[in-house]
Amino acid sequence: MKYTKLKKSNIEISAIGLGTNAVGGHNLFENLNEQDGKDFVREALNLGVTFIDTADIYGLGRSEELVGEVLKEFKRDDFVIATKGAQNFTNLNDVKADNRPEYLREAVDKSLQRLQLDYVDLYYLHFPDNVTPFAESIGELVRLKEEGKIRSIGISNVSIEQLKEANAHGDISVLQSPYNMLDRSAEKELLPYAVENNISFIPYGPLAFGLLGGGFTKESKLDAGDWRQSIPLFQEEQFIQTIDKVDKLKEFAVSKETTLPNLALTWLLAQEGVDAVIPGGKRKERIRENVQASEIRLSQEELSVINDILNK
Ligand SMILES: NC(=O)c1ccc[n+]([C@@H]2O[C@H](COP(=O)([O-])OP(=O)(O)OC[C@H]3O[C@@H](n4cnc5c(N)ncnc54)[C@H](OP(=O)(O)O)[C@@H]3O)[C@@H](O)[C@H]2O)c1
């Protein structure tokens with residue numbers, strides 16, 4: 001495993017991290033097996049993955065609880081836990097973004113309880129609520145950092161204007177945004193800003209939410225309750241075109257004696273500013289395969305062949 005640092009906060013993390021929205025994320029996926037989810041987290045930690053990503057909204061607290069149960073089996077210094085908050089789910093019929101300082105403070109405390117920890121290493125403002133000024137929401141996260149409840153501050157799902165405002169005083173250590181071979185929109189503004197401002201960029205959906213896992217065909221259909229139905233890449237025409245591209249990438253991966261998901265993760269790690277990837281999954285076999293990506297290197301020539309496939 002390769003290890004690196006969250007730049008500004010100097011926290012050491014594994015380059016291959018773990019996404020856990022399918023660990024107890026019953027509000028996002030149907031028929032999740034919680035034991036499989038815990039085995040997935042435990043396997044990752046045993047394989048040297050130290051960077052675990054969760055959020056309070058995944059399973060409305062359930063993901064944090066399950067992750068916390070597994071973390072208890074390990075020493076506190078052996079993992080870096082990132083969680084997210086800012087979606088108020090006290091009223092289950094009306095879950096909405098909430099960046100008010102008092103809400104964030106309460107959300108951090110609840111996350112700590114579920115995770116059974118005294119502090120989290122990285123706390124993300126998960127979604128902007130488009131009402132609360134960032135000076136107030138990020139200001140409260142700065143206070144929580146000073147109090148030792150969180151070690152660093154991240155932000156997710158923001159536009160470049162929002163990111164600039166949130167980072168007005170340089171408090172943002174990590175930006176989490178969608179970015180993968182099939183969705184490179186972050187390259188326009190967010191990624192360059194992160195590089196210029198010493199912010200670690202952690203892409204979410206590194207395997208294009210499963211499309212770069214290699215198992216999808218033009219005939220594949222998502223389950224009725226699967227949140228990915230809302231993602232444009234999975235919708236009708238775009239889906240068919242995407243599968244053509246995915247098939248070419250798969251051929252390239254085979255020629256390099258690797259797999260498509262490993263190629264996709266290695267490609268992301270080769271992009272300037274991307275410090276780690278957090279592939280998700282439902283069972284331990286996934287992370288067993290994904291950790292191998294940290295051993296692969298792509299030459300400039302190979303990166304340009306991939307670029308040609310992606311730009312067609
Ligand atoms: N900040 C945000 O708003 C936000 C939004 C989305 C996600 N996230 C975070 O980012 C993490 C990663 O994103 P994601 O999980 O949505 O998408 P992802 O990592 O791009 O893709 C996960 C999908 O890839 C499949 N997969 C994983 N490894 C594979 C392998 N080796 N071979 C074949 N298929 C494989 C999984 O299959 P199975 O499910 O069948 O195992 C799952 O369907 C999440 O878990 C979450 O922690 C954050």
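How many residues surround the ligand, and which are the closest? Keep that in mind as you look through this predicted model; here are my notes.

1. **Who surrounds the ligand.** The ligand has 31 residues around it. The closest are D53, S156, N157, L207 and K282, so try finding these five names in the structure above.

2. **What kind of residues they are.** Sorting the shell around the ligand by residue type gives 13 polar, eleven nonpolar and seven charged residues. Among the elements of the fold, helix α9, which runs over residues 284–290, gives the most to this shell, with three residues.

3. **Polar atoms facing the ligand.** Have a look at three side chains here. In H126, a side-chain N or O atom is 3.2 Å from an oxygen atom of the ligand. The side chain of R228 also has an N or O atom 3.2 Å from a ligand oxygen. With E289, the partner is a nitrogen atom of the ligand, and a polar side-chain atom of E289 lies 3.2 Å from this nitrogen. On its own, the ligand has 900 Å² of accessible area, and the protein covers 92% of that.

4. **Where the ligand sits.** What is the space taken by the ligand? It is the largest pocket.

5. **The chain as a whole.** Zooming out, you can count ten helices and eleven strands in the chain. Along the principal axes, the C-alpha atoms fill a box of roughly 50 × 40 × 40 Å. The radius of gyration is 19 Å, which agrees with a compact globule, because a globule of 312 residues would have a value near 20 Å.

Notes. Residues numbered from 1 in each chain as written. Predicted model: local features only at pLDDT ≥ 70, side-chain atom pairs only at ≥ 80, totals over all residues. Heavy atoms only, no water. Near = heavy atom within 4 Å. Polar contact = N/O pair within 3.5 Å; in protein donor to acceptor, adjacent residues only side chain to side chain. Areas by Shrake-Rupley, 256 points an atom, 1.4 Å probe, with all protein chains shown as cover. 1 Å grid on protein atoms, 1.4 Å probe; cavity = no way out; pocket = protein on both sides within 12 Å on 5 of 7 lines; lining within 4 Å. Sits in = over half its atoms within 2 Å of the grid points. Helix = DSSP H or I, 4+ residues; strand = E, 2+ residues; numbered from the N terminus. Nonpolar A, V, L, I, M, F, W, Y, C, P; charged D, E, K, R; others polar. Rg over C-alpha atoms; globule rule 2.2 N^0.38 Å.
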